[in-house]
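Thanks for coming. I will go through one structure today, taking sheets, cysteines, a pocket and one loop residue in turn.

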Amino acid sequence: MKKILLSICLLSALVLTAAAQTLNVVVGDVTYQFPAADAGVMTYSEGTSFTIENKTFTVSDITRMYVNAAKVDSATVSVVYEGTSATVYVAGDIAHWVTPTISGAHVSIAQSADVDREITYSLSGNSSDGEFYMSGSYKAIVELRGLTLTNATPIYSGAAICIMDGKRIDLSVKSETTNVLTDCATPSDALAQKAALYCKGHLELKGKGTLTVNGKYAHGIKSAEYMTMRNATINVASAVKDGLSCDEYFLMNSGALTIKGVGDDGIQCDIDGDTYTVTEDHDGEDSGNIYINGGTLDITTTAAGAKGIKADSTLVINDGTLTLAVSGAVDTSDATDPSYVAAFKGGKVIINGGTINATVKGTAGRGVSAWDIETNGGEITINNSATPTTISSDVKSAKGLKALNMALNAGTITINMTGNAGKGIKAGSGTQSTSGGSWGGGRPGPGGGGPGGGSTWTNIKGSYTQGKSDGTGPTIVVNTTGSAYSSSNAKAIKAICTAYLYGGTTEVSTKTSGAEGLESKSGVYVEGGNHYFKCYDDCINSAGKIIFNGGVTICYGFGNDAIDSNAGTTGAITIGNGVAFAYTTKGAPEEGFDCDNNSYIQITGTGIGISAGANQGGGGGFGGSSSGNTISNAKQGYAFVTSTISYAANRYYTLADSDNNNLVTYSFEAACSSSLALFTAKGMVKNNNYNVKYSTSAPTDATTVWHGLYLGSSAKGSTSVTSFTAK
């Protein structure tokens with residue numbers, strides 16, 4: 001004892017005369033480091049203990065004391081792992097606030113309740129059987145400085161890093177370092193383990209290094225409260241459950257995040273202690289939300305029902321590059337509510353920017369699935385080859401975008417559906433009934449929903465809009481190549497609600513029987529934008545009215561009608577101030593405009609309506625049950641031409657008045673034999689004569705050119721096709 005006290009006295013004298021030196025007090029595997037200038041006067045107590053600053057040591061616990069020139073970082077605890085052991089270095093200014101406990105390479109540090117500053121925990125080295133466990137109640141910093149840590153035989157927790165501190169924790173992955181964390185695959189039930197990296201509080205991932213995580217028991221990274229990320233490169237190489245899991249919210253501003261080999265979702269954010277319903281407002285709570293403001297995400301999931309990114313409340317994507325690949329079977333663990341794989345899932349999904357590429361495979365998978373979907377920018381590409389499934393006699397098909405309410409305001413959206421019965425876009429909800437009699441006029445209704453027959457929908461809810469009232473909007477491309485499955489057909493856009501097209505551009509293609517371009521169970525209103533449909537089945541089909549108040553719409557049907565309204569009432573198809581060019585190359589009984597009765601067509605504005613197709617017969621076309629070709633109260637001149645017109649591809653047909661003034665020029669992608677055609681255009685007057693002539697040169701002065709339609713041109717045809725007198 002006298003020798004130790006003598007050494008202490010000598011060291012005390014030394015540090016007082018060597019300000020640049022560091023006094024090291026070693027207790028087992030813990031070294032407490034005091035800058036000489038800060039060591040001050042050591043206080044002794046009856047020869048059994050002494051105090052440096054506020055840290056009291058029991059003399060009998062001290063292994064050794066020495067002075068060297070080591071640098072001491074203030075408010076820092078450094079943990080160095082080496083194989084089966086670990087050494088802890090504690091800065092003297094915070095030594096009285098931390099209590100380290102070490103067993104081999106398993107390190108536990110408890111912060112006292114009276115901590116009044118952030119402590120930095122610097123971790124480095126490697127161990128195949130170690131861990132870092134910290135408990136406390138004050139915010140802290142954890143630095144990874146080249147750490148490879150596997151928890152093989154846990155003592156304090158099953159995690160590689162477990163931070164039982166409910167405050168904000170900065171986890172800094174230091175620049176140019178590579179770090180790997182792996183938790184225990186079979187921990188004791190008595191030990192807390194939710195992830196390879198677990199934080200009880202707010203976890204902020206940052207730095208410019210690389211962290212790879214292997215979640216052998218549960219999640220890869222788990223935060224009990226919010227989690228943020230910037231700059232760092234984070235790789236979740238494997239996880240039994242989610243790659244990243246948190247409550248409150250997840251925010252990514254920058255960096256690179258890769259998640260693969262997971263047994264559930266890529267990223268999941270839960271509402272803290274709550275369950276999302278569409279009527280709840282969680283804006284004030286910021287709970288269950290995910291925000292992507294930048295960075296690069298690469299996520300792959302293969303588990304049944306798994307989601308690439310799942311927010312129980314709201315998912316907002318403002319920027320960044322997101323690449324997601326999801327596949328897997330349906331999760332039927334809850335028989336009343338089976339879960340389908342999806343690239344993105346949220347109560348509400350808002351996409352304002354960024355580049356998104358989603359590949360969806362498996363069974364009935366979705367690209368984006370939510371109560372509400374809103375796009376205001378960004379480039380979104382969804383390639384969906386998921387197959388359909390039958391559950392409880394209800395066919396569940398794959399979807400590109402699926403929501404009750406959908407507002408596609410801006411952005412570039414490309415959806416390719418190759419699975420059978422797939423729906424590129426599906427909005428709204430309702431109840432379907434298949435009761436009903438036969439179609440009038442002896443024709444069965446392939447589109448359904450017509451008077452006296454087909455299926456009907458009730459309890460319709462939701463909304464579907466494209467673009468804004470100023471005519472601006474998204475660029476939407478939907479390609480559907482899948483066939484029917486059971487009783488379900490493929491669709492490019494299916495709205496079990498009213499569909500409003502306010503602006504932007506739409507290009508739709510379908511290729512198989514029953515595959516319609518845009519189907520609405522309530523009504524279709526085209527208010528602006530340019531829209532093109534090339535479809536095997538109806539290009540536009542609605543159980544309600546189809547009204548063209550603005551924009552330019554081209555419909556080319558090659559297996560059925562071009563535009564088909566089953567409203568069965570006046571105004572079923574209405575030409576307002578919009579432009580509609582509709583033709584079918586199928587032949588009888590398919591039509592350009594089909595609304596069950598010619599007189600149901602209304603002309604309420606100064607738009608353009610050009611149709612070409614066959615006459616259904618059985619009483620006068622447009623459904624077969626009507627007689628006569630008269631439109632009441634037409635605002636401008638029109639004509640039905642029932643003589644055969646043989647249209648050819650690569651010719652440009654001009655509708656002109658008797659002075660040869662161009663009203664509109666149009667062309668066909670394929671030969672079309674028309675026995676029932678409607679002509680109406682701005683400038684047409686009742687009892688005046690009009691003609692159609694063609695040339696083989698496309699107009700060069702048109703102000704609007706859209707898939708075979710040329711507006712604002714002065715071009716003139718040279719070869720006569722037909723002529724008529726307007727009604």
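Start with a single pair of residues: Ser45 has Ser49 as its bridge partner in S4. Please keep in mind throughout that this is a predicted model.

That pair belongs to the contact between S3 and strand S4, residues 49-52, which pair in the antiparallel sense over three bridges. The two strands are part of an open sheet of three strands, with the order S3-S4-S5 and antiparallel pairing. Which strands stand at the edges? They are strand S3, 43-45, and strand S5, 55-58; each has a single partner strand, so one side of each has no neighbour in the sheet. On average, neighbouring strands in this sheet are turned by 25° against each other, direction ignored.

The next sheet is also open, with six strands in the order S61-S62-S57-S56-S60-S63, and its pairing is antiparallel. Its edges are strand S61, 704-706, and strand S63, 719-725; each of these has a single partner strand, so one side of each is left without a neighbour in the sheet. Here the average turn between neighbouring strands is 20°, again with direction ignored. Within this sheet, strand S57, residues 662-666, runs antiparallel to strand S62, residues 709-711, and two bridges join them. For a residue to look for on screen, take Tyr666, which stands opposite Leu709 in S62.

Now for parallel pairing. Strand S22, residues 233-239, and strand S25, residues 256-262, run parallel and are joined by five bridges. One reference point is Asn235, whose bridge partner in S25 is Thr258. S25 also runs parallel to strand S28, residues 296-301, and five bridges join these two as well. On that side, Val262 stands opposite Thr301 in S28. As general background, strands of a sheet pair through backbone hydrogen bonds, either parallel or antiparallel.

On to cysteines. How many disulfides does a search of the whole structure find? The result is zero. Two cysteines can be described by accessibility. Cys497 has 1% relative accessibility, and the cut-off for buried is under 20%, so Cys497 counts as buried. Cys595 is buried too, with a relative accessible area of 0%.

Next, a pocket. The second largest pocket has a volume of about 270 Å³. It is lined by 17 residues, and those closest to its centre are Gln33, Lys71, Val72, Asp73 and Ser78. Several strands give two or more residues to this lining: strand S6 (64-68), strand S7 (76-82), strand S8 (85-91), strand S11 (119-127) and strand S13 (140-150). Which element gives the largest share of the lining? That is S8, with three residues. What is the make-up of the lining by class? There are six nonpolar, seven polar and four charged residues.

Last, one loop residue. Phe558 sits in the loop between strand S47, 546-557, and strand S48, 563-565. Is Phe558 buried, exposed or partly exposed? Its relative accessibility is 26%, and partly exposed lies between the 20% and 50% limits, so Phe558 counts as partly exposed. Phe558 and Lys586 are 28 residues apart in sequence, while their C-alpha atoms are 5.1 Å apart in space.

That is the last item on my list.

Terms used:
Residues are numbered from 1 along each chain as its sequence is written. This is a predicted model: local features need pLDDT of at least 70, side-chain atom pairs count only at pLDDT 80 or more; totals for chains, interfaces and linings use all residues. Side-chain values use heavy atoms; hydrogens and water are left out. A disulfide is a pair of cysteine sulfur atoms within 2.5 Å. Buried means under 20% relative accessible area, exposed over 50%, partly exposed in between (1.4 Å probe, protein chains only). Two strands pair if DSSP finds at least two bridges between them. Helices (H or I, at least four residues) and strands (E, at least two) are DSSP runs, numbered from the N terminus. Axes are lines fitted to C-alpha atoms, for helices over the stretch in contact, and angles run from 0 to 180 degrees between N-to-C directions. On a 1 Å grid over the protein atoms alone, a cavity is a set of points where a 1.4 Å probe fits but cannot get out, and a pocket is an open set with protein on both sides within 12 Å along at least five of seven lines; lining residues have an atom within 4 Å of a point. Grid points are joined across faces, edges and corners, and a volume is the space filled by probe spheres set on the points. Ala, Val, Leu, Ile, Met, Phe, Trp, Tyr, Cys and Pro count as nonpolar, Asp, Glu, Lys and Arg as charged, and the others, Gly among them, as polar.
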